[in-house]
Amino acid sequence: MRTALFDFELPPDRIALRPVAPRDAARLLVVRPGLTPELEDRGVGDHPDSLRRGDALVVNDTKVIAARLRGRRIGRGAMEPAIEATLHQRLDGARWRAFVKPAKRLSPGDVVRFGDEGKVCFLGQLDATVEAKGEGGEVTLAFAFHGPVLDQAVDERGAMPLPPYIRRAPDERDRIDYQTIFAQAEGSVAAPTAGLHFTDALTSRLTARGITLHKVTLHVGAGTFLPVKAADTATHRMHAERGTVAAQTADALNRVRRAGGRIVAAGSTSLRLLETASGDDGVIHPFDGETALFITPGYRFRAVDVMMTNFHLPCSTLFMLVAAFCGLEVMKRAYAHAIGEGYRFYSYGDACLLFRPQAAARKRHGAGPGQADAVGPCNLVNRELRMNRDIESIDSDV
């Protein structure tokens with residue numbers, strides 16, 4: 001499909017710089033294609049009322065690391081240019097793939113020294129050697145430390161990897177705000193942001209309504225959210241991300257499906273992982289590996305019936321995903337409504353709850369009429385957003 005089909009005008013002031021408090025006080029746009037009304041303005045606190053007993057909510061329990069590092073190149077002449085690196089894929093105990101800027105300042109064999117001298121109490125400086133250099137500003141960094149010692153050094157010297165569209169420097173408050181209450185397995189460099197809306201009170205209400213909670217792990221990498229620069233989506237390449245669906249979780253979700261319940265994915269990360277782990281028959285299997293699933297209109301969803309997600313940017317892979325889930329024209333109407341009504345976009349913004357179109361639900365579940373719920377190069381208008389659509393861009397929802 002032509003990438004330009006997924007373009008729309010997004011005023012910069014719609015991008016949220018901080019989350020609301022409490023987190024479940026955010027707004028929620030409910031989208032039910034084919035029903036009247038198609039769009040309903042609610043709040044995240046109303047989320048349990050939009051689901052039904054027997055449904056299963058799937059969240060991503062990945063934990064964001066302080067993946068944004070600032071340093072300088074050393075050992076090659078008197079000039080030591082400033083370098084910023086965003087780690088995005090762990091290769092082993094000492095090596096990471098990272099997006100760096102300015103990439104032209106680095107060559108294989110160069111050493112980058114991160115952070116302030118002596119900040120890590122007993123580690124001295126944190127040095128990394130450029131082991132390899134790829135396309136689009138990507139490099140492989142081999143750090144001088146290994147394992148938990150390296151993790152400590154990164155945590156103390158790094159900052160939370162807020163997307164560049166949030167036009168301010170990350171601070172200590174972001175170490176809490178940019179982490180879900182489910183965060184447990186360290187490894188993400190972007191938050192699964194649909195999960196940021198959940199509070200203990202909200203999850204208690206969901207449980208009381210008879211909705212079960214299940215956890216999967218997908219370590220979100222910055223590459224997933226790079227802008228689609230190709231004129232046609234067929235030539236866009238997604239970066240692989242590591243994910244896990246435990247056997248116990250797969251069995252529980254399959255039981256929910258057999259009992260007539262719906263699978264509700266909290267975020268695009270949970271959805272993409274479940275779709276990767278499912279077979280053509282919709283059965284979810286245990287999974288431990290990488291996924292580079294790129295979902296665009298025409299994709300046949302097999303595992304997920306309902307999706308909660310944040311509002312995404314024009315021409316992003318995530319807007320393409322929600323367009324595949326509900327229909328491109330439906331989502332264009334939904335986003336136009338959200339912009340007009342002042343909804344807040346992006347990682348710290350509001351959310352929407354998406355149901356599959358009626359026809360898809362009936363085909364999927366074999367229900368008759370009335371039986372199935374509604375389950376179910378980009379030429380940007382806005383110049384400011386277009387100027388930021390570069391390698392550092394991260395559209396994280398998830």
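The legends below describe close-up views of a predicted model.

**View 1. A closed barrel of six strands, with antiparallel pairing.**
The strands of this barrel follow the order β5-β6-β7-β10-β9-β8, and neighbouring strands are turned by 45 degrees against each other on average, direction ignored. Within the barrel, strand β5, which covers residues 68-74, runs antiparallel to strand β6, residues 82-90, and five bridges join the two. One position to look for is L69, whose bridge partner in β6 is A85. Helix α1, made of residues 147-157, packs on this sheet and touches β5, β6, β7 (95-101), β8 (111-114), β9 (126-133) and β10 (138-143), while its direction makes about 100 degrees with that of β9.

**View 2. An open sheet of nine strands with mixed pairing.**
Reading across the sheet, the strand order is β2-β1-β17-β16-β14-β3-β12-β13-β15. Strands β2 (39-43) and β15 stand at the edges and have a single partner strand each, so one side of each is left without a neighbour in the sheet. From one strand to the next, the twist averages 25 degrees. Strands β16 (residues 306-310) and β17 (residues 351-355) pair in the antiparallel sense over five bridges, and in this pairing M308 stands opposite L353 in β17.

**View 3. Helices α5 and α7 packed on the open sheet.**
Helix α5, residues 268-277, touches β3 (56-60), β12, β13, β14 (263-266), β15 and β16, and its direction makes about 85 degrees with that of β12. Helix α7 also packs on the sheet, where it touches β1 (27-31), β2, β16 and β17, and its direction makes about 150 degrees with that of β1.

**View 4. Strand β13 and the strands joined to it, β12 and β15.**
Along β13, which spans residues 241-245, the side chains alternate: E241, G243 and V245 point to one face and are buried, whereas R242 and T244 point to the other face and are not buried. Strand β12 (residues 212-218) runs antiparallel to β13 and is joined to it by two bridges, with T217 standing opposite T244. Five bridges join β13 to strand β15 (residues 287-291), again in an antiparallel arrangement, and here the bridge partner of T244 in β15 is D288.

**View 5. The crossing of helices α6 and α7.**
Two packed helices are described by the angle between their axes and the distance between the axes. The axes of α6 (residues 317-326) and α7 (residues 328-340) come within 7 Å and cross at roughly 115 degrees, and the crossing is right-handed. In the contact, F319, V322, A323 and C326 of α6 meet L328, V330, M331, K332 and Y335 of α7. Sorted by class, this contact has eight nonpolar residues, no polar residues and one charged residue.

**View 6. Cysteines C326 and C352, which do not form a disulfide.**
A search of the whole structure finds zero disulfides. The cysteine sulfur closest to that of C326 belongs to C352, and because the two sulfurs are 7.9 Å apart, they are too far for a bond. Both side chains can be looked for in the interior: C326 is buried, with a relative accessible area of 4%, and C352 is buried too, with a relative accessible area of 1%.

**View 7. Two cis peptide bonds, each leading into a proline.**
Most residues other than glycine have a negative phi, and most peptide bonds are trans. The peptide bond from A21 to P22 is cis, with omega near -5 degrees, and P22 is found in the segment before β1. A cis peptide bond also joins K101 and P102, where omega is about -5 degrees, and P102 lies in the loop between β7 and β8.

**View 8. Positive phi at C315 and Y346, neither of them a glycine.**
C315 has a positive phi of about 60 degrees and is found in the loop between β16 and α6, where it counts as buried at 0% relative accessibility. The phi of Y346 is also positive, near 90 degrees; Y346 has its place in the loop between α7 and β17, and at 1% relative accessibility it counts as buried.

Terms used: Residues are numbered from 1 along each chain as its sequence is written. This is a predicted model: local features need pLDDT of at least 70, side-chain atom pairs count only at pLDDT 80 or more; totals for chains, interfaces and linings use all residues. Side-chain values use heavy atoms; hydrogens and water are left out. Two strands pair if DSSP finds at least two bridges between them. Helices (H or I, at least four residues) and strands (E, at least two) are DSSP runs, numbered from the N terminus. Axes are lines fitted to C-alpha atoms, for helices over the stretch in contact, and angles run from 0 to 180 degrees between N-to-C directions. Contact means heavy atoms within 4.5 Å. A crossing is left-handed if the near helix is turned anticlockwise from the far one by less than a right angle, and right-handed if clockwise. Ala, Val, Leu, Ile, Met, Phe, Trp, Tyr, Cys and Pro count as nonpolar, Asp, Glu, Lys and Arg as charged, and the others, Gly among them, as polar. A disulfide is a pair of cysteine sulfur atoms within 2.5 Å. Buried means under 20% relative accessible area, exposed over 50%, partly exposed in between (1.4 Å probe, protein chains only).
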